[in-house]
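Here's a quick tour of one structure, starting at the ligand and working outwards. Have the viewer open while you read.

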Amino acid sequence: MRSIMKQTQTKRIVLGLTGGIAAYKTAELARLLVKQNVDVQVAMTEAACRFITPATMQALSGRPVLVNQWDATENSMAHISASRAADAIVIAPATADFIAKLALGLAGDLLSTLCLARDCPLLVAPAMNKQMWENPATQRNIAQLIADGVTILGPACGVQACGEEGMGRMLEAEELARDILAFFQPKLLSGVKVLLTAGPTYEAIDAVRGITNRSSGKMGYAVAQAALELGADVILISGPTALSKPQGAQVEDVTSAAEMFDAVKQHVADADIFIGVAAVADYRAAQVSEQKIKKGEGKLTLELTPNPDILAYVAGLPKPPFCVGFAAESENLREYAEAKRRAKKIPLLAANLAQQAIGSDANELILFDDAGEHVLPHSDKLTLARALLRHAVKLYQQGKQQ
Ligand code: CTP
C-alpha cells in the first residue's frame, strides 16, 4: 500500500491590496492561501493601509509587507525581485483607480510598478461601487486588461458596503482562494468530456413522502470542481442538494434514480470519462400514490422494486467511457469495495466509510485499481477530489495509449 497524495508543489504569489473596504476579506484570503501551502508575499498601496494594517497582513502571511518603494529598509529592487520570485500576482481588492492604472501601464507606486515589471500572470479581483463598475471608463479598462491577458476574478453581485445593491462586490475569500488555486492546476483534461452523477436521489412514495439518503452532494461537486480546474468540459447530473453549482459546469438537476438514468443515457455517448459519485437509491416504491397515504390502524407494508444500476449500465456499454465508481461501505471496506469494482467491471473505484463521509466536509478515500490500492489520507473533499482525478487521468491516458 502506498500513498499517492502528493503535496502540491508550493506556489508563490504576490498578493496586492489596494484601497477598498473589501480589503478585510483579503486578510481571510491570505490565511486560506497559506493554509493551502501557498507562499504569500503581501504588497499594499498607501490607501490599502488605511483599510487594514500591514501588521495584520504580515501576521497572516508570515512575511514583512511591501508598502513603500522609497523605504530604504525594504529591498530597493523590490519592484523587480518580488515579481521574479512569484508564480502570479493577485490584486485583491482592485479598485477602479488601480484597474485604470494597470490598463494604462502606470507605475507611480510600488504595487503598480511591481505589476508593470512582472514576468508572471496577473489576476485581478475588482471591488467597487456598482456605478463605478458600470462606468464605461471602467468597462473599457477591464476589456483592455482582458485583451492584455490579465485574468479577472469576479466581481459578484450583491449588497455593497455603501448600501447599494448591484455588480462590483469583491468575491468572497473562499471563492478567490478556489479560483487562484484552480488557475495553477495543469490543464490535463483540456478538450475531455467528463460526465458525473452527484448527490442523493429521492424516490417518491406518495405526494409528500419519499425515500432518500443523507448524501449532501459535496464529494460529487468537489470532483466536478476538480475536473473543471483541469480544463475538462463537465456535465454534472445532480440529485437534490443545497449546494451552489460549480461555475463552468453544465448542471442538470434530477430527482429520482430513473431521471438520473435518463439524463446519463442522454449524455453518455459524448463522454470520455464517467464518474458515478451519486448515492443512487437502490430501490424505489413499486407503486407511487398520487395522493398522500392516510394513516390506518395496522401495519403498512411498502413494496420496493430495484432501480437500474447506472454505473453498471455505463461500464457495460460496447464502447464505455473510462469509468470511475464510488463505494460507500459501513464495514469490510476493502473486501466489499474490490468486489464491487470487479462486479461492475470498472477500472477505478474510490471507497470510503459511509458513516465518516456522508454530509461531512472532510473524508478519507481508498482507491482500488488493477495495480492494487492507494490511500488518500484524511483531508477536505476538494483536496481528495483533486488527488482522485490526478490518479484517474493517469489511468485514462494509459488506457488511451494501449
Ligand atoms: N450506483 C449507480 N446506480 C445505482 C447504484 C449505485 O450508478 N442504482 C453507483 C454509485 O454512484 C457508485 C457505485 O455505483 O459509484 C456504488 O454505489 P453503492 O451504493 O456503494 O453500491 P451498490 O452497487 O448500490 O451496492 P450496495 O448498496 O449493496 O453496497
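## Around the ligand

Let's start with a lysine: an N or O atom in the side chain of K340 is 2.7 Å from an oxygen atom of the ligand. Keep in mind that this is a predicted model. Two further contacts to ligand oxygen go through A278, with a polar backbone atom, and K344, with a polar side-chain atom. Here they are side by side:

| Residue | Protein atom | Distance to a ligand oxygen atom |
|---|---|---|
| A278 | polar backbone atom | 2.7 Å |
| K340 | N or O atom in the side chain | 2.7 Å |
| K344 | polar side-chain atom | 2.7 Å |

As for how covered the ligand is, it exposes 570 Å² when taken alone, and the protein buries 78% of that. The spot it occupies is the second largest pocket.

Zooming out a little, there are 14 residues around the ligand, and the ones that come nearest are G276, A278, F326, K340 and K344. Which element gives the largest share of that shell? That would be β17, with four residues. At least two residues each come from α11 (310-315), β17 (322-329) and α12 (333-344).

## A buried asparagine

Just ahead of α11, have a look at N307, which sits in the loop linking β16 (304-306) to that helix. Is N307 buried or exposed? Its relative accessibility is 10%, so it counts as buried, the cut-off being under 20%. The N307 side chain has polar company too: it reaches the backbone oxygen of A281 at 2.7 Å, and it makes a polar contact with the side chain of R284 at 2.9 Å.

## An enclosed strand

Now jump back along the chain to β4, residues 88-94. Why call this strand largely enclosed by the rest of the structure? Because seven of its seven residues are buried. That holds for both faces: A88, V90, A92 and A94 point one way, I89, I91 and P93 point the other way, and all are buried.

β4 also has strand partners. With β2 (residues 11-17) it pairs in the parallel sense over four bridges, and in that pairing L15 stands opposite V90. With β5 (residues 122-126) it again runs parallel, joined by four bridges. There, I89 of β4 has L122 as its bridge partner.

How values were computed: Residues numbered from 1 in each chain as written. Predicted model: local features only at pLDDT ≥ 70, side-chain atom pairs only at ≥ 80, totals over all residues. Heavy atoms only, no water. Buried < 20%, exposed > 50% of the residue type's maximum accessible area, 1.4 Å probe, protein only. Pairing = 2+ DSSP bridges. Near = heavy atom within 4 Å. Polar contact = N/O pair within 3.5 Å; in protein donor to acceptor, adjacent residues only side chain to side chain. Areas by Shrake-Rupley, 256 points an atom, 1.4 Å probe, with all protein chains shown as cover. 1 Å grid on protein atoms, 1.4 Å probe; cavity = no way out; pocket = protein on both sides within 12 Å on 5 of 7 lines; lining within 4 Å. Sits in = over half its atoms within 2 Å of the grid points.
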